[in-house]
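Visitor: I have a protein structure open on my screen and would like help reading it. Could you take me through it step by step?

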Amino acid sequence: DVVAFAVHTTRARTLYAVLKGRGVFRSEDGGARWRLVDKGPRAEIRRLVHSNMPGSMQTGWLFAATDAGVYRAMDCFCGFRIAGSLKTKISAVTYDPAQPKRLYVAAAAQVFRSVDGGEDWQPTTSPGRAVVALAHSPSGVLYALLADGQVKQSSNQGEQWK
């Protein structure tokens with residue numbers, strides 16, 4: 001029943017798992033023990049990512065791609081709240097490890113970028129039809145996995161894809 005899974009940005013043994021209908025669970029010992037830390041947003045979570053973006057009361061933020069937009073919560077679990085005004089079905093979420101406030105999400109064939117931690121979203125160029133996953137490398141390359149299995153990459157924050 002795990003629908004989303006993420007690793008803490010700076011603590012390799014801290015893991016997060018979303019169980020359908022049960023909430024967000026955290027393990028701080030590499031998965032040996034788990035505990036419920038939050039029921040999650042009302043919207044169904046599809047993907048989850050941990051970012052070390054500053055401003056959290058602990059060590060970072062969780063961003064969730066949901067059926068109703070992007071949600072975020074401090075990793076102290078002070079509650080999930082909608083991030084910005086992008087209130088559509090989001091299929092993927094990632095962030096730039098070199099610039100933790102820079103986030104990317106996918107909605108169908110469109111990729112959106114935020115440079116302020118999810119407050120404002122701007123469309124980038126589309127990498128193709130139906131983006132199902134996004135990943136950002138430490139070297140600065142943004143990757144998009146399309147539903148047909150193609151992998152597209154952008155070295156300029158989603159402005160051009162190849």
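Guide: We shall go through strands, a loop residue, salt bridges and a pocket in turn. Please keep in mind that this is a predicted model.

Visitor: Fine. Is strand 2 mostly covered or mostly uncovered?

Guide: Strand 2, residues 15-19, is mostly covered, as five of its five residues are buried.

Visitor: And which way do its side chains point?

Guide: Leu-15, Ala-17 and Leu-19 point one way from strand 2, while Tyr-16 and Val-18 point the other way. In a regular strand, side chains alternate between the two faces of the sheet.

Visitor: Which strands does strand 2 pair with?

Guide: Strand 1, residues 2-7, pairs with strand 2 in the antiparallel sense over five bridges. Within that pairing, Val-2 stands opposite Leu-19. Strand 2 is also joined to strand 3 by five bridges, again antiparallel, and Val-18 has Val-24 in strand 3 as its bridge partner.

Visitor: What sits between strand 2 and strand 3?

Guide: The two strands form a hairpin with three residues between them, and Gly-21 takes a positive phi near 75° there.

Visitor: What about after strand 3? Where is Glu-28?

Guide: Glu-28 lies in the loop between strand 3 (23-27) and strand 4 (35-38). Its contacts include Arg-13, Thr-14 and Arg-33, leaving aside residues up to four places away in sequence. The C-alpha atoms of Glu-28 and Leu-15 are separated by 6.5 Å, although these residues are 13 apart along the chain.

Visitor: New topic: how many salt bridges are there in the whole structure?

Guide: A search of the whole structure finds five. Side chains of opposite charge can pair when their charged atoms come close.

Visitor: Which residue does Asp-29 pair with?

Guide: Asp-29 forms a salt bridge with Arg-33, at 3.2 Å from N to O.

Visitor: Why does Asp-29 count as buried, and is Arg-33 buried or exposed?

Guide: Asp-29 counts as buried because its relative accessibility is 15%, and the limit for buried is under 20%. Arg-33 is exposed, with a relative accessible area of 62%.

Visitor: Which partner does Arg-46 have?

Guide: The side chain of Arg-46 meets that of Asp-67 in a salt bridge, 2.5 Å from N to O. This pair links distant parts of the chain, 21 residues apart: Arg-46 is in strand 5, and Asp-67 is in the loop between strand 6 and strand 7. Arg-46, at 25% relative accessibility, counts as partly exposed, and Asp-67, at 32%, counts as partly exposed too.

Visitor: And what does Arg-72 pair with?

Guide: Arg-72 and Glu-119 meet in a salt bridge at 2.2 Å, N to O. Arg-72 lies in strand 7 and Glu-119 in the loop between strand 11 and strand 12, so the pair ties together parts 47 residues apart in sequence. Arg-72 is buried at 14% relative accessibility, whereas Glu-119 is partly exposed at 40%.

Visitor: You mentioned strand 11 and strand 12. What kind of sheet do strands 9-10-11-12 form?

Guide: These four strands form an open sheet in that order, with antiparallel pairing. Strand 9 and strand 12 stand at the edges with a single partner strand each, so one side of each has no neighbour in the sheet. Two bridges join strand 11 to strand 12, and Arg-113 stands opposite Gln-122 in strand 12.

Visitor: Last one: what lines the largest pocket?

Guide: The largest pocket, with a volume of about 190 Å³, is lined by 14 residues. Nearest its centre lie Leu-19, Gly-21, Ala-43, Glu-44 and Ile-45. By class, the lining has six nonpolar, three polar and five charged residues.

Notes: Residues numbered from 1 in each chain as written. Predicted model: local features only at pLDDT ≥ 70, side-chain atom pairs only at ≥ 80, totals over all residues. Heavy atoms only, no water. Pairing = 2+ DSSP bridges. 1 Å grid on protein atoms, 1.4 Å probe; cavity = no way out; pocket = protein on both sides within 12 Å on 5 of 7 lines; lining within 4 Å. Points joined across faces, edges and corners; volume = space filled by probe spheres on them. Nonpolar A, V, L, I, M, F, W, Y, C, P; charged D, E, K, R; others polar. Salt bridge = Lys/Arg side-chain N within 4 Å of Asp/Glu carboxyl O. Buried < 20%, exposed > 50% of the residue type's maximum accessible area, 1.4 Å probe, protein only. Contact = heavy atoms within 4.5 Å.
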